[in-house]
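Me: I should like a close look at a single part of this protein, namely its open sheet. Please explain how that part is put together and what surrounds it.

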Amino acid sequence: MVGLDIDGVLADFLSPFLLRLEKRIGKGPIPAESLRSVRLSAHPVLTEEAVRECADAVRRDPDFWDGLDSLLGPEHWRRLEHLSQSGQLSFITHRTGHESWDIHAVTSGWFRRHGITNPDVHLVEKEKSAVVERLGVMLFVDDNYENCQDVAEHTEARVLMPHHPYNRDFSHPGVTRVMHFNEVFAEIEHCLDLRAPTSV
Ligand SMILES: [Mg+2]
(Lines give C-alpha, C1' and ligand atoms only; values in the text may rest on other atoms or scores of the structure.)
Protein backbone atom coordinates (compact mmCIF):
# COMPACT_ATOMS: atom_id res chain seq x y z
CA MET A 1 0.00 0.00 0.00
CA VAL A 2 1.15 3.52 -0.88
CA GLY A 3 0.02 6.45 1.29
CA LEU A 4 0.13 9.95 -0.17
CA ASP A 5 -0.47 13.26 1.51
CA ILE A 6 -2.47 15.67 -0.68
CA ASP A 7 -1.51 19.32 -0.15
CA GLY A 8 2.08 20.06 -1.15
CA VAL A 9 2.37 16.62 -2.77
CA LEU A 10 -0.50 16.36 -5.26
CA ALA A 11 -2.31 19.70 -4.90
CA ASP A 12 -0.84 23.20 -4.92
CA PHE A 13 -2.22 24.52 -1.65
CA LEU A 14 0.54 27.05 -1.08
CA SER A 15 0.19 29.39 -4.11
CA PRO A 16 -3.46 30.40 -3.54
CA PHE A 17 -2.93 30.46 0.24
CA LEU A 18 -0.01 32.88 -0.13
CA LEU A 19 -2.18 35.09 -2.37
CA ARG A 20 -4.75 35.30 0.41
CA LEU A 21 -2.04 36.15 2.90
CA GLU A 22 -0.64 38.84 0.61
CA LYS A 23 -4.08 40.46 0.35
CA ARG A 24 -4.63 40.23 4.09
CA ILE A 25 -1.22 41.69 5.00
CA GLY A 26 -0.90 44.17 2.13
CA LYS A 27 2.88 44.35 2.00
CA GLY A 28 3.38 42.95 -1.49
CA PRO A 29 4.28 39.49 -2.75
CA ILE A 30 5.37 36.77 -0.32
CA PRO A 31 7.76 34.49 -2.23
CA ALA A 32 7.58 30.78 -1.41
CA GLU A 33 11.39 30.87 -1.04
CA SER A 34 10.98 33.13 2.00
CA LEU A 35 9.23 30.37 3.97
CA ARG A 36 11.36 28.42 6.43
CA SER A 37 8.74 26.34 8.23
CA VAL A 38 5.59 24.38 7.39
CA ARG A 39 3.77 26.40 10.02
CA LEU A 40 4.78 29.58 8.19
CA SER A 41 6.30 30.80 11.44
CA ALA A 42 9.52 32.79 12.00
CA HIS A 43 8.87 34.88 8.89
CA PRO A 44 9.77 38.56 8.45
CA VAL A 45 6.29 39.55 7.17
CA LEU A 46 3.82 36.82 8.13
CA THR A 47 2.20 37.06 11.53
CA GLU A 48 0.65 34.22 13.48
CA GLU A 49 -2.65 36.08 13.50
CA ALA A 50 -2.74 36.57 9.70
CA VAL A 51 -1.90 32.91 9.08
CA ARG A 52 -4.61 31.80 11.51
CA GLU A 53 -7.23 34.10 9.98
CA CYS A 54 -6.49 32.94 6.43
CA ALA A 55 -6.46 29.28 7.53
CA ASP A 56 -9.87 29.80 9.16
CA ALA A 57 -11.18 31.51 6.01
CA VAL A 58 -10.16 28.67 3.67
CA ARG A 59 -11.62 26.08 6.06
CA ARG A 60 -15.01 27.68 5.44
CA ASP A 61 -14.54 27.86 1.67
CA PRO A 62 -15.10 24.63 -0.32
CA ASP A 63 -14.30 26.48 -3.57
CA PHE A 64 -10.74 27.09 -2.34
CA TRP A 65 -10.09 23.34 -2.06
CA ASP A 66 -12.07 22.43 -5.16
CA GLY A 67 -10.06 24.93 -7.21
CA LEU A 68 -6.55 23.88 -6.19
CA ASP A 69 -4.21 23.20 -9.10
CA SER A 70 -2.65 19.78 -9.53
CA LEU A 71 1.08 19.42 -9.02
CA LEU A 72 1.11 16.32 -11.28
CA GLY A 73 0.77 15.81 -15.01
CA PRO A 74 -1.79 13.55 -16.75
CA GLU A 75 0.64 10.63 -17.05
CA HIS A 76 1.25 10.70 -13.27
CA TRP A 77 -2.48 10.66 -12.64
CA ARG A 78 -2.93 7.69 -15.00
CA ARG A 79 -0.32 5.77 -13.04
CA LEU A 80 -1.95 6.68 -9.74
CA GLU A 81 -5.33 5.56 -11.06
CA HIS A 82 -3.79 2.21 -11.98
CA LEU A 83 -2.42 1.88 -8.44
CA SER A 84 -5.74 2.98 -6.95
CA GLN A 85 -7.69 0.47 -9.05
CA SER A 86 -5.50 -2.31 -7.72
CA GLY A 87 -6.34 -1.26 -4.16
CA GLN A 88 -2.82 -0.06 -3.35
CA LEU A 89 -3.28 3.69 -2.94
CA SER A 90 -4.62 5.75 -0.06
CA PHE A 91 -4.67 9.51 0.42
CA ILE A 92 -3.90 10.58 3.98
CA THR A 93 -4.54 14.22 4.83
CA HIS A 94 -4.83 16.61 7.76
CA ARG A 95 -7.34 18.76 5.84
CA THR A 96 -10.09 20.02 8.09
CA GLY A 97 -13.23 21.56 6.72
CA HIS A 98 -16.20 23.14 8.37
CA GLU A 99 -19.61 21.84 9.42
CA SER A 100 -21.23 23.82 6.57
CA TRP A 101 -19.78 21.56 3.87
CA ASP A 102 -18.35 18.09 3.29
CA ILE A 103 -14.56 18.18 2.85
CA HIS A 104 -14.39 14.45 2.14
CA ALA A 105 -16.82 14.85 -0.78
CA VAL A 106 -15.05 17.93 -2.18
CA THR A 107 -11.64 16.24 -1.91
CA SER A 108 -12.93 13.05 -3.54
CA GLY A 109 -14.53 15.10 -6.33
CA TRP A 110 -11.20 16.82 -6.98
CA PHE A 111 -9.50 13.42 -7.33
CA ARG A 112 -12.21 12.15 -9.68
CA ARG A 113 -11.65 15.18 -11.94
CA HIS A 114 -8.01 14.13 -12.16
CA GLY A 115 -8.95 10.59 -13.12
CA ILE A 116 -8.98 8.72 -9.79
CA THR A 117 -12.36 7.02 -10.10
CA ASN A 118 -12.63 5.66 -6.58
CA PRO A 119 -10.27 7.62 -4.30
CA ASP A 120 -9.57 6.23 -0.83
CA VAL A 121 -9.37 9.46 1.21
CA HIS A 122 -8.54 9.43 4.93
CA LEU A 123 -9.06 12.65 6.91
CA VAL A 124 -6.76 12.40 9.90
CA GLU A 125 -6.96 14.60 13.00
CA LYS A 126 -3.95 13.38 14.95
CA GLU A 127 -0.69 11.65 14.03
CA LYS A 128 -0.64 10.12 10.58
CA SER A 129 1.52 7.22 11.80
CA ALA A 130 -1.48 5.46 13.37
CA VAL A 131 -3.35 5.46 10.04
CA VAL A 132 -0.22 4.48 8.10
CA GLU A 133 0.16 1.51 10.44
CA ARG A 134 -3.51 0.52 10.25
CA LEU A 135 -3.61 0.66 6.44
CA GLY A 136 -0.34 -1.27 6.06
CA VAL A 137 1.33 1.55 4.12
CA MET A 138 4.83 0.58 2.91
CA LEU A 139 5.63 3.87 1.17
CA PHE A 140 4.51 7.21 2.60
CA VAL A 141 4.92 10.61 0.93
CA ASP A 142 4.39 13.94 2.73
CA ASP A 143 5.78 17.47 2.35
CA ASN A 144 5.35 18.27 6.06
CA TYR A 145 8.50 17.25 7.93
CA GLU A 146 6.57 16.80 11.17
CA ASN A 147 4.47 14.07 9.53
CA CYS A 148 7.53 12.56 7.87
CA GLN A 149 9.35 12.33 11.19
CA ASP A 150 6.29 10.86 12.94
CA VAL A 151 5.83 8.14 10.31
CA ALA A 152 9.58 7.42 10.03
CA GLU A 153 9.90 6.96 13.79
CA HIS A 154 6.68 5.06 14.50
CA THR A 155 6.11 2.79 11.50
CA GLU A 156 8.02 0.51 9.13
CA ALA A 157 7.04 2.59 6.07
CA ARG A 158 9.64 4.11 3.78
CA VAL A 159 9.17 7.90 3.91
CA LEU A 160 9.67 10.34 1.03
CA MET A 161 9.48 14.13 1.36
CA PRO A 162 9.05 16.23 -1.81
CA HIS A 163 11.37 19.24 -1.66
CA HIS A 164 9.85 22.66 -0.88
CA PRO A 165 11.45 25.84 0.48
CA TYR A 166 9.56 25.41 3.77
CA ASN A 167 11.08 21.97 4.41
CA ARG A 168 14.61 22.64 3.12
CA ASP A 169 16.21 22.80 6.59
CA PHE A 170 14.86 19.42 7.72
CA SER A 171 16.85 16.25 7.58
CA HIS A 172 16.25 12.90 9.22
CA PRO A 173 17.93 9.53 8.65
CA GLY A 174 14.55 7.88 8.01
CA VAL A 175 13.27 10.49 5.53
CA THR A 176 14.37 10.77 1.90
CA ARG A 177 14.01 14.09 0.14
CA VAL A 178 12.79 13.89 -3.48
CA MET A 179 13.08 16.67 -6.05
CA HIS A 180 10.53 15.39 -8.57
CA PHE A 181 7.46 13.14 -8.52
CA ASN A 182 9.15 10.75 -10.97
CA GLU A 183 11.33 9.68 -8.05
CA VAL A 184 8.19 8.77 -6.12
CA PHE A 185 7.11 6.46 -8.93
CA ALA A 186 10.53 4.82 -9.05
CA GLU A 187 10.13 4.08 -5.32
CA ILE A 188 6.55 2.85 -5.79
CA GLU A 189 7.73 0.38 -8.42
CA HIS A 190 10.58 -0.72 -6.19
CA CYS A 191 8.18 -1.30 -3.26
CA LEU A 192 5.71 -3.25 -5.41
CA ASP A 193 8.55 -5.39 -6.81
CA LEU A 194 9.59 -6.25 -3.26
CA ARG A 195 6.04 -7.33 -2.50
CA ALA A 196 5.56 -9.42 -5.64
CA PRO A 197 6.10 -13.19 -5.24
CA THR A 198 9.43 -14.23 -6.68
CA SER A 199 9.43 -16.88 -9.36
CA VAL A 200 12.36 -19.20 -9.87
MG1 LIG B 1 0.99 18.40 2.89
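**The open sheet and its surroundings**

Reply: In this predicted model, 30% of the 200 residues of the protein chain count as buried. The chain has eight helices and eight strands. Its C-alpha trace spans about 65 × 35 × 30 Å along the principal axes. A compact globule of 200 residues would have a radius of gyration near 16 Å, and the 17 Å of this chain agrees with that. Among contacts with a separation of 6 or more, 62% join residues 24 or more positions apart.

The sheet itself may now be considered. It is an open sheet of six strands, in the order E5-E4-E1-E6-E7-E8, and the pairing is parallel. E5 and strand E8 (175-178) stand at the edges with a single partner strand each, so one side of each has no neighbour in the sheet. From one strand to the next, the twist averages 25°.

At one edge, strand E4 (residues 89-93) is joined to E5 by three bridges, and the two run parallel. Threonine 93 has leucine 123 in E5 as its bridge partner. Strand E4 also holds isoleucine 92. Is isoleucine 92 buried or exposed? Residues with 20 or more other C-beta atoms within 10 Å count as buried. Isoleucine 92 has 23 such atoms within 10 Å, and it is therefore buried. Although isoleucine 92 and histidine 122 are 30 residues apart in sequence, their C-alpha atoms are 4.9 Å apart in space. Beyond its neighbours within four places in sequence, isoleucine 92 is in contact with Gly3, Asp5, His122, Val124, Lys128, Val131 and Val132.

Further along the sheet, E6 and E7 pair in the parallel sense over three bridges. Leucine 139 stands opposite arginine 158 in E7. Five of the five residues of E7 are buried, so this strand is largely enclosed by the rest of the structure. Both of its faces are covered: on one side Arg158, Leu160 and Pro162 are buried, and on the other Val159 and Met161 are buried.

Helices accompany the strands. Helix H7 (residues 145-154) lies across strand E6 (139-141), strand E7 (158-162) and E8. Helix H7 runs at about 170° to E7.

Helix H5 (residues 103-113) has Thr107, Trp110 and Phe111 as buried residues. Seen down the axis of H5, these buried residues fall within an arc of 100°, and they therefore line one face of the helix. They pack against helix H3 (62-66) and strand E5 (121-123), the latter being one of the edge strands of the sheet. The face of H5 turned away from its buried side carries the exposed residues Ala105, Arg112 and Arg113. Just after H5, glycine 115 takes a positive phi of about 100°.

Helix H1 (residues 14-25) may be added for completeness. At 1.5 Å a residue, its twelve residues should span 16 Å, and its end C-alpha atoms are indeed 16 Å apart. Glycine 26, just after H1, takes a positive phi of about 70°.

To draw these points together, the sheet has six strands with parallel pairing. E7 is largely enclosed, because five of its five residues are buried. E5 stands at an edge, with a single partner strand, and the buried residues of H5 pack against E5.

Conventions. Residues are numbered from 1 along each chain as its sequence is written. This is a predicted model: local features need pLDDT of at least 70, side-chain atom pairs count only at pLDDT 80 or more; totals for chains, interfaces and linings use all residues. Helices (H or I, at least four residues) and strands (E, at least two) are DSSP runs, numbered from the N terminus. The radius of gyration is taken over C-alpha atoms; the globule rule is 2.2 Å times the number of residues to the power 0.38. A residue is buried if 20 or more other C-beta atoms lie within 10 Å of its own, exposed if 12 or fewer, and partly exposed in between; C-beta atoms are placed from the backbone. Two residues are in contact if their C-beta atoms, placed from the backbone, lie within 7 Å. The arc is that of the directions from the helix axis to the C-beta atoms. Two strands pair if DSSP finds at least two bridges between them. Axes are lines fitted to C-alpha atoms, for helices over the stretch in contact, and angles run from 0 to 180 degrees between N-to-C directions. The expected span of a helix is 1.5 Å times one less than its number of residues.
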